[in-house]
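Visitor: I have a few minutes before my next run. Can you walk me through this one?
Guide: Sure, here it is.

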2 protein chains.
Amino acid sequence: MTETKMDPRILRTRKLIMDSFIELSSKKEFKDITIKDITTEAMINRATFYYHFEDIYDLLEKVLSEVLLVNLNCDFYKCDHLNEEAFVSIFIAITNFQKSLSNRCHRGYEDTIGRIIREQLEVIFYKMLLKQNKMEDDEALKITAVILSWGIYGASVEWKRNGMKVPPEEFIKSTIPYLISGTDFGSKI
Amino acid sequence: MTETKMDPRILRTRKLIMDSFIELSSKKEFKDITIKDITTEAMINRATFYYHFEDIYDLLEKVLSEVLLVNLNCDFYKCDHLNEEAFVSIFIAITNFQKSLSNRCHRGYEDTIGRIIREQLEVIFYKMLLKQNKMEDDEALKITAVILSWGIYGASVEWKRNGMKVPPEEFIKSTIPYLISGTDFGSKI
DNA sequence: TTGGATGTGTTGGATATCCAACACATTTCA
DNA sequence: TGAAATGTGTTGGATATCCAACACATCCAA
């Protein structure tokens with residue numbers, strides 16, 4: 001998951017930068033945050049910032065990935081199989097993430113955020129599929145993970161478009177049998 | 001006061017080490033705290049510890065000095081003259097410090113602690129005397145600062161020996177005229 | 001007694017971070 | 001318009017931190 005033996009200086013500095021960015025995000029809009037602001041808040045040199053991140057968009061991506069990953073693993077570590085509970089807790093994590101971002105001001109980056117969500121979902125789905133499918137066609141599992149990640153992300157977009165009012169578990173629950181048993185579930189054939 | 005332009009790495013690392021030591025002190029006795037404990041808690045390398053401190057006693061001294069200095073400056077920054085208010089707030093800072101240490105487990109280091117208190121007092125008294133005595137006999141001011149520091153420290157020891165029950169300002173107030181106006185205060189001559 | 005386990009303090013080479021300086025773009029404002 | 005101010009991204013040399021290894025001391029159980 002996380003790199004095993006990292007230089008503690010790197011962990012420390014990345015955390016300082018990311019935490020400062022999150023802190024600043026709660027006070028300013030993203031477009032008003034400069035790299036100088038971040039490095040001043042973090043008490044690190046501006047050159048050091050560029051040692052770790054390409055630019056401020058790279059930082060944004062990595063912070064969002066990190067936040068989402070923590071959310072996912074938090075709710076999800078108990079499950080070891082893609083059952084109903086797993087799908088529900090994944091979907092709740094995604095909707096929580098979307099909700100928290102709709103307050104923060106990251107408007108104009110919906111496509112970036114969508115990509116990040118799908119990337120993280122793809123990783124987690126692939127991992128779960130590998131675990132429960134004992135070494136079958138690897139390529140098929142990968143593509144299945146892609147399809148699931150787009151699907152679940154799409155569901156969260158739809159949930160958002162409906163005003164984020166329906167409880168997420170309710171929103172997703174009815175469709176889960178189709179996810180788990182496939183489209184044949186309930187088929188007349 | 002504090003060095004003006006310090007390398008931020010140094011400030012960061014010292015703070016990490018000191019904070020970790022304070023944190024550990026609230027859980028263990030001083031004698032049970034190893035340097036490995038501190039560096040692990042602080043997530044810094046053991047060699048880095050020795051770059052900043054001679055040994056664990058050196059760290060103890062510097063932490064205590066720092067804590068006391070913060071207390072002193074906190075209560076004291078408003079005063080710019082050695083009047084009654086100044087003496088009272090200094091004495092309160094010292095007794096607070098003694099009280100906080102009597103909970104923590106630094107037994108066996110009373111002499112070290114006493115020395116630290118007197119050193120800090122001496123610095124602060126000397127600074128105040130210089131400010132209000134427009135360039136007179138420098139040596140005399142230094143020695144006066146020494147005498148005041150021993151005196152006030154002694155008062156705090158006595159206050160502690162009496163069970164730390166009398167309110168510190170009450171304990172010190174009656175003697176302040178003698179400190180400010182000298183032994184001639186109230187003299188019959 | 002001995003030998004392993006644990007803690008202290010030191011060292012040399014590798015690496016991350018700092019700093020000052022630079023070139024370039026964008027904004028501000030006179 | 002143009003010039004000052006502000007922000008971005010890069011560089012080279014200096015310095016703090018990391019890491020693995022070492023020598024030494026202390027403690028404790030076989």
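**Protein, DNA and the pair of chains**

Guide: Start at a base. A polar side-chain atom of R46(B) sits 3.0 Å from a base nitrogen of DNA strand C. Keep in mind that this is a predicted model.

Visitor: OK. Which elements give two or more residues to the surface near DNA strand C?
Guide: Both chains take part. Chain A supplies helix 1 (8-25) and helix 3 (46-52). Chain B supplies helix 1 (8-25), helix 2 (35-42) and helix 3 (46-52).

Visitor: Which of them has the largest share?
Guide: Helix 3 of chain A, with five residues.

Visitor: And how many residues surround DNA strand C?
Guide: The number is 23. The closest are R9(A), T13(A), T48(A), Y51(A) and H52(A). Sugar and phosphate make up 68% of the strand C atoms that come within 4 Å of the protein.

Visitor: Any phosphate distances for strand C?
Guide: Two to look at. An N or O atom in the side chain of Y51(A) is 2.4 Å from a phosphate oxygen of DNA strand C. For the side chain of H52(A), the distance from an N or O atom to a phosphate oxygen of that strand is 2.5 Å.

Visitor: How does the surface near strand C divide by class?
Guide: Nine residues are nonpolar, five polar and nine charged.

Visitor: Switch to the other strand. Which residues are closest to DNA strand D?
Guide: R9(B), T13(B), T48(B), Y51(B) and H52(B). In total, 22 residues surround DNA strand D.

Visitor: What do the strand D atoms within 4 Å of the protein belong to?
Guide: Sugar or phosphate for 67% of them, bases for the rest.

Visitor: What does chain A do at the strand D phosphates?
Guide: Three distances. R12(A) has a side-chain N or O atom 3.0 Å from a phosphate oxygen of DNA strand D. Y50(A) places a polar side-chain atom 3.3 Å from a phosphate oxygen of DNA strand D. With I35(A) the polar atom is in the backbone, 3.4 Å from a phosphate oxygen of DNA strand D.

Visitor: And the elements on that side?
Guide: Those giving two or more residues are helix 1, helix 2 (35-42) and helix 3 of chain A, plus helix 1 and helix 3 of chain B. Helix 3 of chain B gives the most, with four residues.

Visitor: Class split near strand D?
Guide: Nine nonpolar, five polar and eight charged residues.

Visitor: New topic. How is chain B related to chain A?
Guide: A rotation of 180 degrees, with 0.0 Å of shift along its axis, puts chain B on chain A at an RMSD of 0.1 Å. That is the relation of a two-fold axis. The same surface serves both copies, as 100% of the contact residues of chain B recur in chain A.

Visitor: How many residues are in contact between the chains?
Guide: Five of chain B with five of chain A. The two chains bury about 440 Å² between them, and 60% of that is on carbon and sulfur atoms.

Visitor: What classes are on the chain B side?
Guide: Four nonpolar residues, no polar ones and one charged.

Visitor: Last one. How many salt bridges and polar contacts join chain B and chain A?
Guide: The salt bridge count is zero. Polar contact links two residue pairs, both at pLDDT 80 or more.

Key. Residues are numbered from 1 along each chain as its sequence is written. Chains are lettered from A and ligands numbered from 1 in the order in which they are written. This is a predicted model: local features need pLDDT of at least 70, side-chain atom pairs count only at pLDDT 80 or more; totals for chains, interfaces and linings use all residues. Side-chain values use heavy atoms; hydrogens and water are left out. Copies are superposed by least squares on the C-alpha atoms of residues with pLDDT of at least 70 in both. Contact means heavy atoms within 4.5 Å. Buried area is the accessible area (1.4 Å probe) that two parts lose on being put together, summed over both. A salt bridge is a side-chain nitrogen of Lys or Arg within 4 Å of a carboxyl oxygen of Asp or Glu. A polar contact is a pair of N or O atoms within 3.5 Å; within protein, one must be able to donate a hydrogen and the other to accept it, and residues adjacent in sequence count only if both atoms are side-chain atoms. Ala, Val, Leu, Ile, Met, Phe, Trp, Tyr, Cys and Pro count as nonpolar, Asp, Glu, Lys and Arg as charged, and the others, Gly among them, as polar. A residue is near a molecule or strand if one of its heavy atoms lies within 4 Å of it.
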